[in-house]
Amino acid sequence: MSAHVASVGIGRFGKRSEGLVELAAEAGALALEGVGRKPIDLLVVGSMLSHGASGREPLLPRLASRLSLEAASGLRAESTSATGAMAFHTAYDALETGRYERALVVAVEKMTDASTPEVTAELASALHPEEVRHGATMPALAALVTQRYLERHELPLSAIDRPSVHARAMAARNPNAMFQTPVTDTDVAASRMVASPLRLLHCSAIADGAVGVVLERGTGPATVLGTGQGFESMRIVDRPDLTSFAATRIAAQRAYEAAGITRKELGVVEVHDAFAPFPLIHLEDLGICGPGEGAQWYDRGWVSLDGRLPVNPSGGLIGRGHPIAASSLAGIAEVAAQLRGEAGRHATASLPKIGLAHAVGGLASHNFVTILGGAAP
Amino acid sequence: MTKAAATPLVLSRCAACHSRFLPSDAPCPRCGSVETHPYPVPDLGRTVAATELSAPAPGWPVPHRLVLAEVADGVRVLAVVDGPLPSISDPLHVRLEGDTYRARPVGPAPGERGEGESPKTRRAGPSFEPPR
């Protein structure tokens, strides 16, 4: 049974005055309007932090009520920064059973009403407690991965600046992105050190944001061709290799097999660039280039809108901002919008037929790959 | 963080698949066996990667330095650095204090580095072999 993305709805990412439910309702309503308010029989929501004025909010029933979806069934998904992708996969799997006709998937995060130390501490819950006990944070472990990667492939530190410059250039074309101004290599290299060698402009930013997607039975330009997910040890000390993420390789293999395609058929890709060096690793783990070749793709402009394979035309996490749960659904929504010819000023030079969205949970301990395209095989 | 007495460095060996790994409450990370045996190793390791954080997890001083160290049998340890940030391949003393691994550069200190400076990358030389 086939299912396709019939509509996407994205509000502006960044610092927003609205609360969690209001942000989710805005994106959900936009997606519903895209299908002419056709009936929804499944609502799947995802949020990691669920901040509210009084702490956690019962998001699912409140959103169902706000969107008048009381007749739908409801599910909630959570896998840290891959939550949005997990919600999408959950909806797709549910539609595949034949029990549902049309699902609304909403992923949302409200982060800017908490202090940076509070958010940092909450995000550390996506890491192994033994490593957090040593003072580790997400940027700290990403920094260790970065050093191993640069060392192994004998790359200069400047190799990790280019993905940030690319992300901000793309985001400047995306009206929903948090950052609307481009940056230069010099800006990146001069920004404040966060966890050496990662600087502020190498890191995605805390943001509010929500994404809604309507997934319905049938086919269209953004039909779900394949999905896959994979796990890897949460303790980085147990990983035999820090320069590649096994969870991505597993997820990609499953998704490519399900879709019956190879990476050479991809026309657009959104990868999870929570930190600037990560897209280099992701391109390699997705089989798009060989080990150590990711930096070359950025240096030579092969990832640009008219390049060999456009990567993160939305601006990615670094350009859009990173409302944790929403980011991975935003990647899927961006690929769908590109395939549907709805990407506006950040559309790829030629209309792609097949696209891939990649998502990372935690420090790449639970990753997802989603392949969308013009027709079910 | 309160100071606790240092204990010898101890690793775990899986009785089923013979993997060596850092002890934890979880089963063997390779095969899932719950039968594991502790064994002591020398407190020497080498630096795989190290970082200096300007915003560590709550409760830690700023700056906070962390090292991913490789000790005996290729087992890796995430440890808090006492002293300057080590460079890649630098030898370290690694010990467990309470529930926290701590690492200290071996030999003469290379001197404190500036704010946020990274360990230098080095070309591969003879690999450091921890004593067995």
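Two strands count as paired if DSSP finds at least two bridges between them. Keep that in mind on this tour, and remember that you are looking at a predicted model.

**Stop 1: the strand partners of β9(B)**

Start in chain B by selecting β7(B) and β9(B). These strands run parallel and are joined by two bridges. To see one facing pair, pick B:V81 and look across to B:A103 in β9(B), which stands opposite.

Now keep β9(B) on screen and add β8(B), residues 91-97. Here the pairing is antiparallel, with six bridges between β8(B) and β9(B). A good pair to highlight is B:L96 with B:Y101 of β9(B), which stand opposite each other. Then move to the turn: β8(B) and β9(B) make a hairpin with two residues between them. Click on B:G98 in that turn, where phi is positive at about 65°.

**Stop 2: a sheet of three strands**

Stay in chain B and select β2, β3 and β4. They form an open antiparallel sheet in the order β3-β2-β4. The edges are β3 (20-21) and β4 (36-40), each of which pairs on one side only. Zoom in on β2(B), residues 10-14: two bridges tie this strand to β3(B) in the antiparallel sense. Across that pairing, B:S12 faces B:F21 of β3(B).

**Stop 3: chain B as a whole**

Zoom out and colour chain B by secondary structure. You should find nine strands and zero helices, so to speak a plain run of β-β-β-β-β-β-β-β-β along the sequence. Of the 132 residues in chain B, 36% are buried. Among contacts in chain B between residues at least 6 apart in sequence, half of the picture is long-range in this sense: 50% join residues at least 24 apart.

Next, colour by domain. The assignment for chain B gives domain 1 (9-40) and domain 2 (42-104). Their centres, taken over C-alpha atoms, are 21 Å apart. Where they meet, five residues of domain 1 of chain B contact nine residues of domain 2 of chain B. The domain 1 side of that contact has four nonpolar residues, one charged residue and no polar ones.

**Stop 4: where the chains meet**

Show both chains together. How many residues does each chain bring to the contact? Chain B gives 33 residues and chain A gives 28 residues. On the chain B side, the elements that supply two or more residues are β5 (44-53), β6 (64-70), β7 (76-81) and β9 (100-105). You have already met β7(B) and β9(B) as a parallel pair. Sorted by class, this side of chain B has 20 nonpolar, eight polar and five charged residues.

**Stop 5: chain A**

Now hide chain B. Chain A holds 13 helices and eleven strands. Its radius of gyration is 19 Å, close to the 21 Å that the globule rule gives for 377 residues, so chain A is as compact as a globular protein of that length. Along the principal axes, the C-alpha atoms of chain A fill a box of roughly 55 × 45 × 40 Å. Buried residues account for 63% of the 377 residues in chain A. Among contacts in chain A between residues at least 6 apart in sequence, 78% join residues at least 24 apart.

**Stop 6: a covered helix**

Finish by selecting α7(A), residues 162-171. Is this helix mostly covered or mostly open? Mostly covered: nine of its ten residues are buried. Show side chains for the buried residues, among them A:R162, A:P163, A:H166 and A:M170. To see what lies over them, add α8 (185-190), α10 (278-285), α11 (294-299) and α12 (316-320) of chain A, which are included in the cover.

Technical notes
Residues numbered from 1 in each chain as written. Chains lettered and ligands numbered in written order. Predicted model: local features only at pLDDT ≥ 70, side-chain atom pairs only at ≥ 80, totals over all residues. Contact = placed C-beta atoms within 7 Å. Helix = DSSP H or I, 4+ residues; strand = E, 2+ residues; numbered from the N terminus. Nonpolar A, V, L, I, M, F, W, Y, C, P; charged D, E, K, R; others polar. Domains from an automatic or database assignment. Buried ≥ 20, exposed ≤ 12 C-beta atoms within 10 Å, placed from the backbone. Rg over C-alpha atoms; globule rule 2.2 N^0.38 Å.
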